[in-house]
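Colleague: Hey, could you walk me through this model? I'm new to this, so plain words please.

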Amino acid sequence: MDALPPRLLTGYREFMQGRYASESNRYRTLAKDGQTPETMVIACCDSRAAPETIFDCGPGELFVVRNVANLVPPYEPDGKHHSTSAALEFAVQSLKVKHIVVLGHGRCGGIKTALDPASAPLSPGDFIGKWMGLVAPAAEAVATNTMMTVTERQTALERISIRYSIANLRSFPCVSILEGKGRLTLHGAWFDISTGELWAMNPATGDFERPEFD
Ligand SMILES: [Zn+2]
C-alpha cells in the first residue's frame with residue numbers, strides 16, 4: 001500500500017521540480033522571517049473553489065481557512081471548540097491582516113443541503129445539518145420562495161450567506177474595532193465554477209457585481 005495516494009506523490013514531485021525550484025528563495029525567506037499575508041480568505045472546502053488557484057497566489061500571500069459553505073459563525077466566547085473563530089483570531093490579532101475576503105461559490109453542496117433541510121443526515125451526528133443551521137432563517141425564506149427557480153434559490157442563498165458571514169465577522173470585537181479604525185477591510189466574493197467568473201460584493205449595497213480591471 002502506498003503511504004500517500006499516487007496522485008499526490010506525482011504532484012509533489014512536479015511541485016519540487018517546478019514551483020518549489022523556481023520559488024525556493026521565497027520559501028526560504030518565508031521560513032526565516034515568518035509569514036506576513038495581508039489577506040485572509042474564508043472559503044468553502046469544495047475542491048473546485050481553492051482560493052490560491054482562483055487568485056493565482058503563491059506561498060505566504062493568503063491566510064486561508066476553509067469550512068463547509070464558507071460560513072463565519074457569530075462571536076461566541078463560550079469555551080467550546082471554534083476552529084473558524086480561532087483562525088480569525090490569529091489572522092487579525094497576530095498576523096494583522098488588512099483584508100478579509102469571504103469567498104462563496106456556485107453549486108455549493110452545503111448551501112444545497114441548507115435549502116433542503118428534510119434531506120437525511122449523512123451520519124447520526126448530522127454535523128453538516130447543525131453547521132448549516134447557522135443560515136437556517138435565510139434558507140427557509142429562500143427555500144419557500146416558489147417564484148424563483150431551483151438555480152436562482154441556490155445562487156441567492158450562496159450570496160445571502162456571504163453577507164451573513166460578513167455581518168458575523170463584525171460581531172467579533174477585534175474585527176469591528178480594527179474596521180472602525182480603517183485598518184481592516186471586509187470583502188465578499190462569489191465564484192462561478194462553470195464559467196470562472198468572479199463576482200465581488202459591493203460594500204455599499206451588498207449586491208454582487210463583476211469587478212472592473214484597470
Ligand atoms: Zn461550497
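Modeller: Sure, starting with a term: helices (H or I, at least four residues) and strands (E, at least two) are DSSP runs, numbered from the N terminus. This is a predicted model, where local features need pLDDT of at least 70 and side-chain atom pairs count only at pLDDT 80 or more, while totals for chains, interfaces and linings use all residues. Residues are numbered from 1 along each chain as its sequence is written.

Colleague: Okay, where does N70 lie?

Modeller: N70 sits in the loop between β2 and α5. Its phi is positive, about 45°, although N70 is not a glycine.

Colleague: And is N70 buried or exposed?

Modeller: Buried, because N70 has 31 other C-beta atoms within 10 Å. The cut-offs: a residue is buried if 20 or more other C-beta atoms lie within 10 Å of its own, exposed if 12 or fewer, and partly exposed in between, with C-beta atoms placed from the backbone.

Colleague: Cool. What about D126?

Modeller: D126 is not a glycine either, and has a positive phi of about 45°. You'll find D126 in the loop between α6 (109-115) and α7 (127-132). With 13 other C-beta atoms within 10 Å, D126 counts as partly exposed.

Colleague: Switching to the sheet: what's the order of the strands?

Modeller: The six strands form an open sheet in the order β2-β1-β3-β4-β5-β6, and the pairing is mixed. Two strands pair if DSSP finds at least two bridges between them.

Colleague: Which strands stand at the edges?

Modeller: β2 (62-67) and β6 (208-209); each has a single partner strand, so one side of each is left without a neighbour in the sheet.

Colleague: How do β1 and β3 run?

Modeller: Strand β1 (residues 39-44) and strand β3 (residues 99-105) run parallel and are joined by five bridges. For instance, T39 is opposite H99 in β3.

Colleague: And which way do β3 and β4 pair?

Modeller: In the parallel sense, over seven bridges, with β4 covering residues 185-191. V102 has G188 in β4 as its bridge partner.

Colleague: How many bridges join β4 to β5?

Modeller: Three, and here the strands run antiparallel, with β5 at residues 198-201. A nice pair to look for is W190 opposite W199 in β5. β4 and β5 make a hairpin with six residues between them, and G196 in the turn has a positive phi of about 80°.

Colleague: Now helices. How many residues does α5 have?

Modeller: Helix α5 (residues 83-94) has 12 residues and reaches 16 Å from its first C-alpha to its last, close to the 16 Å expected at 1.5 Å a residue. That expected span is 1.5 Å times one less than the number of residues.

Colleague: Which residues in α5 are buried?

Modeller: L88, A91 and V92. They cover an arc of only 85° around the axis, which puts them on the same side of α5. That arc is taken over the directions from the helix axis to the C-beta atoms. On the other side of α5, you get S83, A86, Q93 and S94, which are exposed.

Colleague: What do the buried ones in α5 pack against?

Modeller: They pack against β1, β2 and α10 (173-180). Contact here means that two residues have their C-beta atoms, placed from the backbone, within 7 Å.

Colleague: Last one: how is the chain divided?

Modeller: Into domain 1 (1-34) and domain 2 (35-209), with bounds from an automatic or database domain assignment. The contact takes five residues from domain 1 and five residues from domain 2.
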